[in-house]
Amino acid sequence: MTRLVRIDKGLTRLPRRPNGRKDREHRQFVRSLGCVICGAMAEAAHIRAGMTAGMEQRPGGSLKSGDRWVLPLCHQHHLEQGAAELKFWSSRGVDQVALAEQLWRHSGDKEAGLRAIERARSGAALKNRSAR
C-alpha cells in the first residue's frame with residue numbers, strides 16, 4: 001500500500017521574481033521612485049518599444065510586457081508614452097530598456113533606484129541640450 005505524504009507548501013513556491021511576468025512588489029518599488037521625466041507621483045508604465053523578448057500575447061492580439069519592463073511615469077507622461085512610444089522615449093533621450101533592466105536588478109533598493117532614475121534624467125537633459 002502506498003502512503004501519501006503531505007508536501008510543505010513552502011517547498012513548492014517559486015523564488016521571488018522568477019521570470020518578471022507579474023511582480024506586485026516590483027511595480028510598487030518603481031512607482032515609489034517618481035516619474036522619470038518630471039519627478040511627479042508615478043504609475044508603473046509597461047514599455048514595449050525596443051522589446052524583443054518577454055512579451056505576452058493577450059486576448060485580442062495585443063502584446064504586453066511583463067512587470068520586469070516597467071518604468072515610473074506620471075499619469076500625463078504615461079498617456080503620452082502609450083500614444084507614441086518610440087517617439088516619446090527618443091525625444092526625451094531615455095534608454096527605456098536599459099533603465100528598466102537597472103530598476104529590475106535593483107528592485108527594492110530605493111537608493112539604487114533613485115540613482116538610476118537621476119542618471120537617466122541627467123543623460124536625457126544633456127542629450128536635449130546638445131540637440132538645440
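Aspartate 67 counts as buried, at 3% relative accessibility. This is a predicted model, and here's a quick tour of that aspartate and of helix H4, which spans residues 85–92. Helix H4 has a buried side, and the face turned away from that side carries exposed residues.

**Aspartate 67 and its partners**

- You'll find aspartate 67 in a loop, between strand S3 (63–65) and strand S4 (70–73).
- Its relative accessibility of 3% falls under the 20% cut-off, so aspartate 67 gets the label buried.
- What does the side chain of aspartate 67 reach at 2.7 Å? That would be the backbone nitrogen of aspartate 23.
- The side chain of aspartate 67 also makes a polar contact with another side chain, that of histidine 46, at 2.8 Å.

**The two faces of helix H4**

- Which residues of H4 are buried? They are Glu85, Phe88 and Trp89.
- Looking down the axis of H4, you see its buried residues fall within an arc of 85 degrees, so they line one face of the helix.
- Those buried residues pack against two strands, S1 (43–46) and S4, and against two helices, H3 (75–83) and H5 (96–105).
- Leu86 and Lys87 are exposed, and they sit on the face of H4 turned away from its buried side.
- Just past the end of H4 comes glycine 93, with a positive phi of about 70 degrees.

**The aromatic pair**

- How many aromatic pairs does a search of the whole structure find? Just one.
- The partners are phenylalanine 88 and tryptophan 89, with ring centres 4.9 Å apart and 85 degrees between the planes.
- That angle is over 60 degrees, so the pair counts as edge-to-face.
- Both partners are tucked away from solvent by the numbers: phenylalanine 88 is buried with a relative accessible area of 3%, and tryptophan 89 is buried at 1%.

**Lysine 87**

- Lysine 87 belongs to H4 too; is it buried or exposed?
- Its relative accessible area is 62%, which is over the 50% cut-off, so lysine 87 is exposed.
- Along the chain, lysine 87 and alanine 49 are 38 residues apart, while their C-alpha atoms are separated by 9.5 Å.

Notes
Residues are numbered from 1 along each chain as its sequence is written. This is a predicted model: local features need pLDDT of at least 70, side-chain atom pairs count only at pLDDT 80 or more; totals for chains, interfaces and linings use all residues. Side-chain values use heavy atoms; hydrogens and water are left out. Helices (H or I, at least four residues) and strands (E, at least two) are DSSP runs, numbered from the N terminus. Buried means under 20% relative accessible area, exposed over 50%, partly exposed in between (1.4 Å probe, protein chains only). A polar contact is a pair of N or O atoms within 3.5 Å; within protein, one must be able to donate a hydrogen and the other to accept it, and residues adjacent in sequence count only if both atoms are side-chain atoms. Rings of Phe, Tyr and Trp (its six-membered ring) pair if their centres lie within 6.5 Å; planes under 30 degrees apart count as stacked, over 60 as edge-to-face and the rest as tilted. The arc is that of the directions from the helix axis to the C-beta atoms. Contact means heavy atoms within 4.5 Å.
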